[in-house]
Amino acid sequence: MNWFNNIEFQDPQMFWLFLLLPLIIGYYLWTWRKQNANVQVSSIKGFKAGRSLLATFRPVLLVLRLLAVSLLITAMARPQTTDVTTKTKTTNGIDIVLAVDVSASMLARDLKPDRLEATKEVAADFINGRPNDRIGVVVYAGEAYTKTPITTDKSVSLRAVNSIAFDGVLENGTAIGMGLATAVNRLKESEALSKVIILMTDGVNNSGFIDPKIASELAVEYGIKVYTIGIGTNGNAPSPYSRNLDGSFNFRLMPVEIDEELMKQIAVDTGGEYFRATNNKKLEEIYAEIDKLEKTEIEQFEFFNVEEKYRDLVLLALILLGVEMLLKYKVFRTVA
């Protein structure tokens, strides 16, 4: 690793001491003239012209002194590197179950391309935005079942959402009570500080053997908050009413009927909120609002490991000063 990588100076004002270097150079030149005595003779004939080798290399002493002083000044500026380690601690995890209506009416095309696909898209975005929570998926129509239990593995939750389809496996109808009860069952053993169900439907409760109010009471008993979403435009929507021999659906305008009173009551009883998604944008805004309401508390700790670098500079400066002294008194035979 390069010594100079990520270096910071704790006391950079010390670099002003570099202004002393010209004074050192001036002092050296002044003392050097005093150390060289002048001899006046009538003639230099008979003397060999030229400069001695030692005199030629004597400025090396000044270079060594300047380098040593420069290193000491840099050391006084306290060069250091800082290694930052971040540790994240989740202090309030949330367990969430998405309960999705997969009845035939969810194929209505008032949302694009249809209600079910629009729901899947925003649900997937919601999951991606909750990296610290456990999320499960329940689907229901005339009956209900768990698509995936609550898990921290986001890839599992995403696969569960993306694979949701109207495939005729479940009996057709809208069993809101069954869907809610199944979601409650997924969360009742949870030890999370916050437990949430997002219940989505586009119809009225017309199937199943569990009354939605009973399911709501179970949610209250286990401390589960329920956010309810009614999906569908106001008025009529192009909805499936029959199937062709090839399995495709025939559509016609049909009135949108959502039991909003029931959905509002479930939300109020459990401490949640009721939302109405009349289009794709509104559905996205609803999930964004729930995302804001149910935030996981996260503590982030930063640990700073500071490594001082001045010791290497001081050691190198002392070595240079030692070499200067050795040359000065043993090689150049200087006495001052």
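A cavity is here a set of grid points where a 1.4 Å probe fits but cannot get out. In this predicted model, one cavity of 30 Å³ or more is counted, and the largest cavity has a volume of about 110 Å³. Its lining is made up of 15 residues, with V102, A165, F166, D167 and L170 lying nearest the centre. By class, the residues lining the largest cavity comprise nine nonpolar, three polar and three charged.

The largest pocket encloses about 370 Å³ of space. Lining residues of this pocket number 18, and those nearest its centre are S105, D202, G203, M254 and P255. Two strands, β8 (236-243) and β9 (249-255), each contribute at least two residues to the lining of the largest pocket. The largest share is supplied by β8, with three residues. In the lining of the largest pocket, seven residues are nonpolar, eight are polar and three are charged.

At the level of the whole chain, the secondary structure consists of ten helices and eleven strands. The chain has 336 residues, of which 41% count as buried. Of the contacts between residues at least 6 apart in sequence, 80% join residues at least 24 apart.

Strands of a sheet pair through backbone hydrogen bonds, in either the parallel or the antiparallel sense. In this model, six strands form an open sheet with mixed pairing, in the order β5-β4-β3-β6-β7-β10. The edges are occupied by β5 (144-151) and β10 (274-277); each has a single partner strand, so one side of each is left without a neighbour in the sheet. On average, neighbouring strands of this sheet are turned by 15° against each other, direction ignored. Within the sheet order, β6 is followed by β7. The pairing of β6 (residues 194-201) with β7 (residues 224-231) is parallel and extends over seven bridges. At the level of single residues, K195 has I224 in β7 as its bridge partner.

Two loop residues were examined individually. E294 is located in the loop between α9 (280-293) and β11 (297-308). With a relative accessible area of 5%, E294 falls under the 20% limit and is therefore classed as buried. Beyond its neighbours within four places in sequence, E294 is in contact with I94, R130, S194, V196, K225 and Y227. Of these contacts, S194 and V196 belong to the residue range of β6, and K225 and Y227 to that of β7.

N234 is found in the loop between β7 and β8. The relative accessibility of N234 is 57%, which is over the 50% limit, so this residue counts as exposed. When residues up to four places away in sequence are not counted, N234 touches R276 and T278. R276 falls within the range of the edge strand β10 (274-277). The C-alpha atoms of N234 and I258 are 9.7 Å apart in space, and the two residues are separated by 24 residues in sequence. The two loop residues thus fall into opposite classes of accessibility, E294 being buried and N234 exposed.

Key. Residues are numbered from 1 along each chain as its sequence is written. This is a predicted model: local features need pLDDT of at least 70, side-chain atom pairs count only at pLDDT 80 or more; totals for chains, interfaces and linings use all residues. Side-chain values use heavy atoms; hydrogens and water are left out. On a 1 Å grid over the protein atoms alone, a cavity is a set of points where a 1.4 Å probe fits but cannot get out, and a pocket is an open set with protein on both sides within 12 Å along at least five of seven lines; lining residues have an atom within 4 Å of a point. Grid points are joined across faces, edges and corners, and a volume is the space filled by probe spheres set on the points. Helices (H or I, at least four residues) and strands (E, at least two) are DSSP runs, numbered from the N terminus. Ala, Val, Leu, Ile, Met, Phe, Trp, Tyr, Cys and Pro count as nonpolar, Asp, Glu, Lys and Arg as charged, and the others, Gly among them, as polar. Buried means under 20% relative accessible area, exposed over 50%, partly exposed in between (1.4 Å probe, protein chains only). Contact means heavy atoms within 4.5 Å. Two strands pair if DSSP finds at least two bridges between them. Axes are lines fitted to C-alpha atoms, for helices over the stretch in contact, and angles run from 0 to 180 degrees between N-to-C directions.
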